[in-house]
Amino acid sequence: MSRPRLAIAGLTACSGCQLSLLNCEAELPLLLERIEFQFFPLACSPVRIEGCYDAALVEGCCSTAHEAELLRELRDHSRLLIALGTCAAWGGVATLRNDTPRKELRRQVYGRHPLPDDDVPRPLSAIVKVDAVVTGCPPEKHELLALLGDLLRGNLPVRGTAPVCTDCRMRENLCLLQERGMLCLGPLTLGGCAARCPSLGVPCEGCRGPAPEANVAEALELYCQNGFDAMTVTGRLRRFCPEWNHDQRA
Amino acid sequence: MPLFILPQTALEPFMERLRTVGELHGPLRGSDDAVRFSFLQTGDQPDLTAVRSLLPPKKYLLAPDETILTYRPAAGYQTPAHETGPLILLGVHPCDLAAIAYLDRQFLADPPDPTYAARRKRLILIGNSCTPDNNCSCHQRPSALSTNCDLFLYQQDNGFLISVETPHGERLCQSLGDLLLPAEDQQLPPSSRSNFGLPLPAPSANELDAHLPDWQRLADHCLGCGACSVCCPTCSCFEILEFGGLDGCSAERLRRWDNCLFKSHSEVAGGHSFQKDRAQRFRYRYRHKYRGYGQLQGVPSCVGCGRCRAQCPTGLDLRPLAEYLEKERP
């Protein structure tokens, strides 16, 4: 089996997704043996994009012209491009916004010396073709390792569709939404995290982004019936993903 | 079937005696007030009057997520080793017993599922009578499924009437001899168990359900959270996932609970889906629950435990539909 050549890069994000990979200490020796990490600025230098990569794993959303250029360059040099983590997949916290015009915000923050470029932060798929997504803030270790196992075999990862609720019920947790009246985003959020937060009594914040079949319209009605105002709910929804289709039912 | 009386005061020593036979599990109320089937340590008080546990006892037979096959170059293909030694489930309600009877028909049929068979073999079942609540439907919709178990406890004032149902149960009772009182002149008290094991005709195959606005109404309100099938004692659909190891040659095959209301459940290679929208999937789910499916066509799989209704965040209920569609059957 030939060693796949990978590029791993970060755009606007906290580097947490890449760190999660570096935190797989037990597996690192095997990974280094099996995979060529050709471009991985967070872990090793020199850092130059050259040649052809079997896959580029990109963390973060794209928020500057420079990042868009880097992203296109990675795309051009890679057979596959994979969005690593929620920011890359959905935008994440860097795309968190209210409805204040961008121009006004720039004036408030930077006064008379605005920054030269004015890109709206966007997920990778707004700029380039994305072949696969491994979501999560950060992605689960087992998902990262499964991704690398798939790439070793020339496959793309299979993506689950079940929401956090399914994981949560499988762990036999009491429903925080139903029994505690909490604003839990479990029904709308893609699972795979073994319901980490609800299992500790903390409602789901939606950090893994929307589940593909989320019934957004019904969930909004339910939150409203439970006494949450639209502003609170919308604010919570936008924390990790700025664009929700509020009319989506399936 | 021989009957004995277990006085309430003898319950604790009864459980202590059971612990010498096997690992004892039963319904335990947690600090969050929810009831779960759990390991009962000495001193733990099982809640034998609880209406229902969050998950049914199927979790002892089919794990939510488990490795069913591994491949390693040196060892070849290997199936996981299973725990042996008796596991006693105390306080299983008639509906959950009927559900196990249904799962047995599915997973012990030819060829048996090795994982299920190994786990089923070590189970000792002690049933328990219960009082149905508004979410239950065993009393509205009786079942042909049997409530087989080794011992059955009928709750009565100041204790239980124990019915001995299998040779295994009989052996258990012999070892409990000094704790039990004879009850020769007693009749079996009325209980929810009498809603099961009835000689009922198979449900009619009417086509009233072909085009109903109800499917779309249910679909519109369904959050797609998956709770209904996770908590259903007879839902046993699963997906198979395979993961390749980082060494490039080992691999693992996983079995994970699935839900027929998910689009991915009816998707096949090439992206084709047999049940494109959620309304269609509701009809499919209904048919499985009330009319049976595949080799168990004609055997309704709903045992009326009420978990799906109790746990649905939007309160969806298939009972009114069943009343309309299955009216030809008692």
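A residue counts as buried when 20 or more other C-beta atoms lie within 10 Å of its own. Keep that cut-off in mind for the close-ups below, which come from a predicted model.

**View 1. A:Ala195, a buried loop residue with a positive phi****.** Here we're in the loop between α8 (176-179) and α9 (216-225) of chain A. A:Ala195 has 24 other C-beta atoms within 10 Å, so this residue makes the cut as buried. Its backbone is worth a look too: phi of A:Ala195 is near 50°, a positive value in a residue that isn't glycine. Most residues other than glycine have a negative phi.

**View 2. B:Asn158, an exposed loop residue with a positive phi****.** This one sits in chain B, in the loop between β8 and β9. Phi of B:Asn158 is near 65°, again positive in a residue other than glycine. B:Asn158 counts as exposed because there are just 9 C-beta neighbours inside 10 Å.

**View 3. The cis peptide bond at A:Pro138****.** Look along the backbone from A:Cys137 to A:Pro138: the bond joining them is cis, with omega about -5°. A:Pro138 belongs to the loop between β5 and α6 (141-152) of chain A. Most peptide bonds are trans.

**View 4. The cis peptide bond at B:Pro111****.** Over in chain B, B:Asp110 and B:Pro111 are linked by a cis peptide bond, and omega is near -5°. The loop holding B:Pro111 runs between α2 (94-107) and α3 (114-121) of chain B.

**View 5. The parallel sheet of chain A****.** Five strands line up in the order β2-β1-β3-β4-β5 to make an open sheet, with parallel pairing. At the edges you'll find β2 (36-39) and β5 (132-134) of chain A, each pairing on one side only. From one strand to the next, the twist averages 30°. Zoom in on β1 (residues 5-10) and β3 (residues 53-59) of chain A, and you'll see two parallel strands joined by five bridges. One pair to pick out is A:Ala9, which stands opposite A:Val58 in β3(A). Helix α3 (residues 65-77) of chain A lies across β1, β3 and β4 (78-84), running at about 135° to β4(A).

**View 6. The mixed sheet of chain B****.** Eight strands make up this open sheet, in the order β3-β2-β6-β7-β8-β9-β1-β10, and the pairing is mixed. Its edge strands are β3 and β10 (181-182) of chain B, each with pairing on one side only. Strands β2(B) and β3(B) run antiparallel, joined by five bridges. Among the residues here, B:Arg29 stands opposite B:Val35 in β3(B). Helix α4 (residues 167-175) of chain B packs on the sheet and touches β1 (3-7), β7 (123-128), β8 (151-156) and β9 (159-164). The direction of that helix makes about 130° with that of β9(B).

**View 7. B:Ala34, a loop residue in contact with both chains****.** B:Ala34 is found between β2 (23-29) and β3 (35-39) of chain B, in the loop. With 16 other C-beta atoms within 10 Å, B:Ala34 comes out as partly exposed. Setting aside neighbours within four places in sequence, B:Ala34 is in contact with A:Leu174 and B:Leu54. B:Arg52 is 18 residues away in sequence, and its C-alpha is 9.2 Å from that of B:Ala34.

**View 8. Where chains A and B meet****.** Chain B puts 35 residues into the contact, and chain A puts in 34 residues. On the chain B side, α5 (213-221), α6 (227-230) and β11 (238-244) each supply at least two residues. That side of chain B divides into 17 nonpolar, ten polar and eight charged residues.

**View 9. The two domains of chain A****.** The domain assignment splits chain A into domain 1 (5-152) and domain 2 (164-237). Their C-alpha centres lie 26 Å apart. The contact between them takes eight residues from domain 1 and six residues from domain 2. Helix α4 (residues 86-90) of chain A gives the most to the domain 1 side, with three residues. That domain 1 side divides into three nonpolar, three polar and two charged residues.

Conventions:
Residues are numbered from 1 along each chain as its sequence is written. Chains are lettered from A and ligands numbered from 1 in the order in which they are written. This is a predicted model: local features need pLDDT of at least 70, side-chain atom pairs count only at pLDDT 80 or more; totals for chains, interfaces and linings use all residues. Two residues are in contact if their C-beta atoms, placed from the backbone, lie within 7 Å. Helices (H or I, at least four residues) and strands (E, at least two) are DSSP runs, numbered from the N terminus. Ala, Val, Leu, Ile, Met, Phe, Trp, Tyr, Cys and Pro count as nonpolar, Asp, Glu, Lys and Arg as charged, and the others, Gly among them, as polar. Domain bounds come from an automatic or database domain assignment. Two strands pair if DSSP finds at least two bridges between them. Axes are lines fitted to C-alpha atoms, for helices over the stretch in contact, and angles run from 0 to 180 degrees between N-to-C directions. A residue is buried if 20 or more other C-beta atoms lie within 10 Å of its own, exposed if 12 or fewer, and partly exposed in between; C-beta atoms are placed from the backbone.
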